[in-house]
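Keep the sequence and the 3D view side by side as you read. We will go from one side chain to the next, and then out to the whole fold.

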Amino acid sequence: MDFLFPLLILALLVPMFFGIRKQKREAEKVASMQESLKVGDQVVTTSGLYGTVVDLDDTTVDLEIAEEVVTTWLRQAIREVRADESVVEETAATDTAAEAVVEESAEQTETRLTKD
């Protein structure tokens, strides 16, 4: 019975310790990514905005979000740098999905809506 309390405390502290270590590693990885940004990188912000880096400062990043539209963001707002491969794959997936869309006729719509 004397060993139950220390084992219980140990069982609670060990997972917490490993969770903190993992969180710290992830934060370091994100910080190094934000520090290694360069002009021309395609990035995603924490709010989900896609853009291309056109200018860098110590604390800010200028992103081109559309042709001739440049916005200024804090470096900490950059969530990830997109690889060129993912852009190509996403474009191909979008094109395939667009081809798969088939419009239904008025009769098919009426049949679908009145099946009950």
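Start at Glu80, which is partly exposed, with a relative accessible area of 38%. This is a predicted model, so every value here is computed from predicted positions. Glu80 has a charged partner right beside it in the chain: its side chain meets that of Arg79 in a salt bridge, with N and O 3.9 Å apart. Arg79 is partly exposed too, at 43% relative accessible area. Why can such a pair form? Side chains of opposite charge can pair when their charged atoms come close.

How many salt bridges does a search of the whole structure find? It finds three. Another of them joins the side chains of Glu26 and Lys29, again at 3.9 Å from N to O. These two residues are three apart in helix 1, so about one helical turn separates them. Glu26 is partly exposed, with a relative accessible area of 38%. Lys29 reaches 52% and counts as exposed, because the cut-off for that word is over 50%.

Now find Lys38 and Asp41. They form a salt bridge as well, and their closest N and O atoms are 3.2 Å apart. Is Asp41 buried or exposed? Asp41 is buried, because its relative accessibility is 11% and buried means under 20%. Asp41 sits in the loop between helix 1 and strand 1, which covers residues 42-45. The side chain of Asp41 has a further link to Lys38: one of its polar atoms lies 3.0 Å from the backbone nitrogen of Lys38. Look also at what surrounds Asp41. Setting aside neighbours within four places in sequence, it is in contact with Ser36, Gly51, Thr52, Val53 and Val81.

Val53 leads us inside. Together with Met33, Leu37, Val43, Val61, Leu63 and Ile78, Val53 makes up the largest nonpolar core, which has seven residues in all. In soluble globular proteins, nonpolar side chains tend to be buried together. Pick out Val61 in this core. Leaving aside neighbours within four places in sequence, Val61 is in contact with eight named residues you can trace: Leu37, Val53, Asp55, Leu56, Thr71, Thr72, Trp73 and Arg75. Leu37 and Val53 are core members as well.

Follow the contact from Val61 to Thr72. Thr72 belongs to strand 4, residues 69-74. Thr72 is exposed, with a relative accessible area of 55%. Which residues does Thr72 touch, not counting those up to four places away in sequence? They are Thr60, Val61 and Asp62. Asp62 deserves a closer look. Thr72 and Asp62 are 10 residues apart along the chain, but their C-alpha atoms are separated by 4.4 Å. Their side chains also make a polar contact, at 2.8 Å.

Between these two stretches lies Glu68. It is in the loop between strand 3, residues 60-66, and strand 4. Glu68 is exposed, with a relative accessible area of 71%. Check its backbone angle. Most residues other than glycine have a negative phi. Glu68 is not a glycine, yet its phi is positive, about 65°.

Next, turn to helix 1, residues 4-35, and find Phe17 in it. Phe17 is partly exposed, because its relative accessibility is 49%. Phe17 has nonpolar company on the surface. Phe3, Leu7, Leu10, Val14, Phe17 and Phe18 form a nonpolar patch there, with about 650 Å² of accessible area together.

Finally, step back to the whole protein. It has three helices and five strands. From the N terminus on, these elements run α-β-β-β-β-β-α-α. Of the 116 residues, 15% count as buried. The protein exposes about 9,500 Å², and carbon and sulfur atoms supply 59% of that area. One more number concerns contacts along the chain. Take the contacts between residues at least 6 apart in sequence: 37% of them join residues at least 24 apart.

Technical notes: Residues numbered from 1 in each chain as written. Predicted model: local features only at pLDDT ≥ 70, side-chain atom pairs only at ≥ 80, totals over all residues. Heavy atoms only, no water. Patch = residues over 30% accessible without salt bridge, like charges linked within 9 Å, V, L, I, M, F, W, Y side chains within 5 Å. Areas by Shrake-Rupley, 256 points an atom, 1.4 Å probe, with all protein chains shown as cover. Salt bridge = Lys/Arg side-chain N within 4 Å of Asp/Glu carboxyl O. Helix = DSSP H or I, 4+ residues; strand = E, 2+ residues; numbered from the N terminus. Buried < 20%, exposed > 50% of the residue type's maximum accessible area, 1.4 Å probe, protein only. Contact = heavy atoms within 4.5 Å. Core = buried A, V, L, I, M, F, W, Y, C linked by side-chain atoms within 4.5 Å. Polar contact = N/O pair within 3.5 Å; in protein donor to acceptor, adjacent residues only side chain to side chain.
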